[in-house]
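Biologist: I'd like to learn how to read a model like this one. Could you take me through it, feature by feature?

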Amino acid sequence: SRSFRSRAAAKSFRIELEAAQARGGSLDPSAGSISLETWAEGVLEGLFLKPKTRENYRSLLRSRILPAFEGRRLGSLSRAEIQRWVVGMAAEVSPQRTRAAHGLLSQLLDEAVAQGLLLRNPAKGVGLPRVMRREIRPLSRDELGAVAEAAGRYSALVWWLGVMGTRWAETVGLRWKDIRGNEAVIGSTLSE
């Protein structure tokens, strides 16, 4: 058995269940009773992730997703409450962080759909904050020189970063063997 907050919700579930059966599938009404926290841990353990990505996902779970849906079961999440969660989060953190948290929750719920625990992903179609792109103006040669000079013993590092445009992990991951004549071959980063 399963209980619903309203007659309309029960009717909607019955229609979805009948549609799934018509497509040749079925759904155990109690399948979505696993907790979001337990589900998230299991899904993350099964993903091939770089250590930094895994830690980022765990941080999103700890700070954004699990506190908002503490103790909740997969089948109890609704699109409306996920939308409210996104709106509330967008008032606290950057659009990028909001989108990342929503993306992780949606990925977890997509996997629940794929494994037959949910009929649909309630995070799909939720409105997300827009990320405002800023125009980046690179430093002029003179400005870069002034920054490099002010960096003292790190002057060469500042010049490298300013001229080559490599990311920090790529830069600190470079080894002497990666520099061949006038070329630097970037095949790995420090985080790998």
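**Reading burial, packing and core**

Modeller: Let's begin with one residue: L60 has 1% relative accessibility, so it counts as buried. Keep in mind that this is a predicted model.

Biologist: Which element does L60 lie in, and which residues does L60 touch beyond its close sequence neighbours?

Modeller: L60 is part of helix 3. Setting aside residues up to four places away in sequence, L60 touches I65, R97, A100, A101 and L104. Take R97 as an example: 37 residues separate L60 and R97 in sequence, and their C-alpha atoms are 8.4 Å apart in space.

Biologist: Is V86 buried or exposed?

Modeller: The cut-off for buried is under 20% relative accessible area. V86 has 1% relative accessibility, so V86 counts as buried. V86 sits in helix 4, and if you skip residues up to four places away in sequence, V86 touches T98, H102, V126, G127, L128 and P129. V86 and H102 are 16 residues apart along the chain, with 7.1 Å between their C-alpha atoms.

Biologist: How about the whole protein? How many helices and strands are there?

Modeller: You'll find 8 helices and 2 strands. Along the sequence the pattern reads α-α-α-α-α-α-α-α-β-β. Of the 192 residues, 29% are buried. The accessible surface is about 13,100 Å², and carbon and sulfur atoms account for 53% of that. For contacts with a separation of 6 or more, 54% are between residues 24 or more positions apart.

Biologist: Now helix packing. At what angle do helix 2 and helix 3 cross?

Modeller: For any helix pair, an angle over 145 degrees counts as roughly antiparallel, while 65 to 115 counts as roughly perpendicular. Here, helix 2 (residues 36-45) and helix 3 (residues 51-68) cross at roughly 170°, and their axes come within 12 Å. That angle is why helix 2 is roughly antiparallel to helix 3. On the helix 2 side the contact uses L36, E37, A40, E41, L44 and E45, and on the helix 3 side R54, Y57, R58, L61, I65 and L66. Sorted by class, this contact of helix 2 with helix 3 has 7 nonpolar, no polar and 5 charged residues.

Biologist: And what angle do helix 2 and helix 5 make?

Modeller: About 85°, with the axes of helix 2 and helix 5 lying 10 Å apart. So helix 2 is roughly perpendicular to helix 5. From helix 2, L36, W39, A40, V43 and L44 meet L104, L105, L108, E111 and A112 of helix 5. The contact of helix 2 with helix 5 has 9 nonpolar, no polar and 1 charged among its residues.

Biologist: Which residues touch the most other members of the largest nonpolar core?

Modeller: To read a core, look for buried nonpolar side chains joined within 4.5 Å. The largest one here has 27 residues, and I82 and W85 touch the most other members. Helix 2, helix 3, helix 4 (79-90) and helix 5 (95-114) each contribute at least two residues to this core. Helix 5 gives the largest share, 6 residues.

Biologist: Which residues is I82 in contact with, leaving aside neighbours within four places in sequence?

Modeller: I82 is in contact with F69, L77, H102, L105, L109, P122, A123 and V126 once those neighbours are left out. Compare that list with the one for V86: H102 and V126 appear there too.

Key. Residues numbered from 1 in each chain as written. Predicted model: local features only at pLDDT ≥ 70, side-chain atom pairs only at ≥ 80, totals over all residues. Heavy atoms only, no water. Axes fitted to C-alpha atoms, helices over the stretch in contact; angles between N-to-C directions. Helix = DSSP H or I, 4+ residues; strand = E, 2+ residues; numbered from the N terminus. Parallel < 35°, antiparallel > 145°, perpendicular 65-115°, else oblique. Contact = heavy atoms within 4.5 Å. Nonpolar A, V, L, I, M, F, W, Y, C, P; charged D, E, K, R; others polar. Buried < 20%, exposed > 50% of the residue type's maximum accessible area, 1.4 Å probe, protein only. Areas by Shrake-Rupley, 256 points an atom, 1.4 Å probe, with all protein chains shown as cover.
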